[in-house]
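The report below describes how metal ions are held in a protein model, and how their donor residues are placed along the chain.

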Amino acid sequence: MSRSARRLTACAAVLVLLAGLGWWMAHVPAVQDALLRRIVERTLGATRNDLLADDALRVVLCGTGNPLPDPNRANACTAVFAGGNMYLVDAGPGAGKNLALWHLPVAKLAAVMLTHYHSDHIGELGEINMQTWAQGRANPLRVYGPPGVEVVVGGFAQAYALDRDYRQAHHGAALMPPANWTMEPHVVKIDTAPGAGPCAGGSATVLEENGLKVTAFTVNHAPVAPAYGYRFDYKGRSVVISGDTTKCANLVAQARGVDVLIHEAQSASMVKIIEAAAIGRGNARIAKIMSDILRYHTTPEDAAAEANEAGVRLLVLSHIGPPTPNAFVRMAFMRGVGAVRPRGVVLGYDGMLLTLPAGSDTIDTSSVN
Ligand SMILES: [Zn+2]
Ligand SMILES: [Zn+2]
């Protein structure tokens with residue numbers, strides 16, 4: 001055996017020995033416990049309180065999918081951090097798990113703004129209310145939305161009332177005060193000119209607190225009416241969240257000059273491929289649904305055109321559909337966008353963090369996961 005072959009054999013033997021030692025140690029309870037303690041220590045100390053600092057307007061995309069299931073995207077959810085508080089726009093299924101996995105400071109959730117009452121925007125409201133209460137939320141949860149919010153909030157409150165009682169009995173009212181579990185519905189009314197339609201204009205102030213101003217405005221998601229988008233202004237920085245809508249002049253007006261426009265987007269060409277495939281397989285139900293949904297969303301190209309018209313600095317596409325499971329599909333989804341808006345547009349993803357420091361023009365993008 002040559003010298004290099006002997007060296008190789010010795011290296012392989014050491015590696016096998018180390019792997020064996022590691023395998024043996026992984027079965028030793030004391031080693032397991034030590035590792036678990038380290039993981040728990042890291043997890044318990046991981047709450048992202050830094051996101052609450054009052055030096056910037058921050059946004060985390062906590063759900064960027066649409067109702068067609070995508071393993072990498074929860075349903076509609078956008079978290080906004082301003083003035084020491086956390087706010088959510090929509091509470092779609094899957095979003096609560098994201099908030100917990102990323103250690104977002106959910107005990108500071110002050111309010112939820114609902115854009116409309118499709119299930120992909122409200123399905124996790126009860127769970128998020130319960131989870132943030134259990135994590136120490138020190139206030140009732142305000143829930144703002146178009147008329148109908150009292151029905152949605154009342155329904156979730158009824159469904160979760162037994163759960164509240166179990167937890168209170170188990171952990172004690174001092175730890176989990178029932179008053180803080182309460183959701184308070186706040187109807188946001190927006191007057192629009194009779195017969196003019198939601199995109200002709202219409203907005204209303206939702207709240208002003210700790211330097212933050214939130215404005216609701218009407219968008220077009222017919223037959224869902226009214227449907228709202230929301231604008232957040234804080235220390236000279238601004239973000240608009242479109243809600244579900246077709247291309248809409250009122251959205252362009254409300255988003256004029258903002259730093260970030262988070263806009264829903266649905267690829268019409270991809271939906272048409274699904275529709276054609278469904279027709280080919282004789283599946284009239286899926287074909288009809290695909291044909292219907294084409295009429296009440298915005299294509300990525302049209303969202304880019306609106307961002308140009310409004311003069312926004314960064315367009316972030318969200319509420320993405322159909323699903324985009326790999327880079328190839330994401331490329332197909334973004335087809336045509338570059339021709340409309342060569343710069344200042346990104347495809348949003350679950351965990352995307354946007355930081356807009358006060359007193360600057362900077363928009364930092366990073367990830368919380
Ligand atoms: Zn919708
Ligand atoms: Zn939706």
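His 319 is buried, with a relative accessible area of 6%, where buried means under 20% relative accessible area, exposed over 50% and partly exposed in between, for a 1.4 Å probe and protein chains only. This is a predicted model, in which local features need pLDDT of at least 70 and side-chain atom pairs count only at pLDDT 80 or more, while totals for chains, interfaces and linings use all residues. Residues are numbered from 1 along each chain as its sequence is written, and side-chain values use heavy atoms, with hydrogens and water left out.

The donors of each zinc ion (N, O and S atoms within 2.8 Å of the metal, or 3.2 Å for Na, K and Ca; water is not among the atoms, so sites may look incomplete) are set out here.

| Ion | Protein donors | Distance | Angles |
|---|---|---|---|
| zinc ion (ligand 1) | His 116 (NE2), His 118 (ND1), His 221 (NE2), Asp 244 (OD) | 2.2 to 2.4 Å | 93 to 165° |
| zinc ion (ligand 2) | Asp 120 (OD), His 121 (NE2), Asp 244 (OD), His 319 (NE2) | 2.1 to 2.2 Å | 89 to 170° |

Asp 244 bridges the zinc ion (ligand 2) and the zinc ion (ligand 1), which lie 3.3 Å apart. His 121 lies in helix 4 and His 319 in strand 12 (residues 314–321), so this pair ties together parts that are 198 residues apart in sequence; helices (H or I, at least four residues) and strands (E, at least two) are DSSP runs numbered from the N terminus. His 121 is buried as well, with a relative accessible area of 2%.

Around the zinc ion (ligand 1), the donor residues are spaced H-x1-H-x102-H-x22-D in sequence. Both His 116 and His 221 are buried, each with a relative accessible area of 0%.

Notes. Chains lettered and ligands numbered in written order. Tetrahedral: all angles 85-135°; square planar, octahedral: opposite > 155°, others 65-115°.
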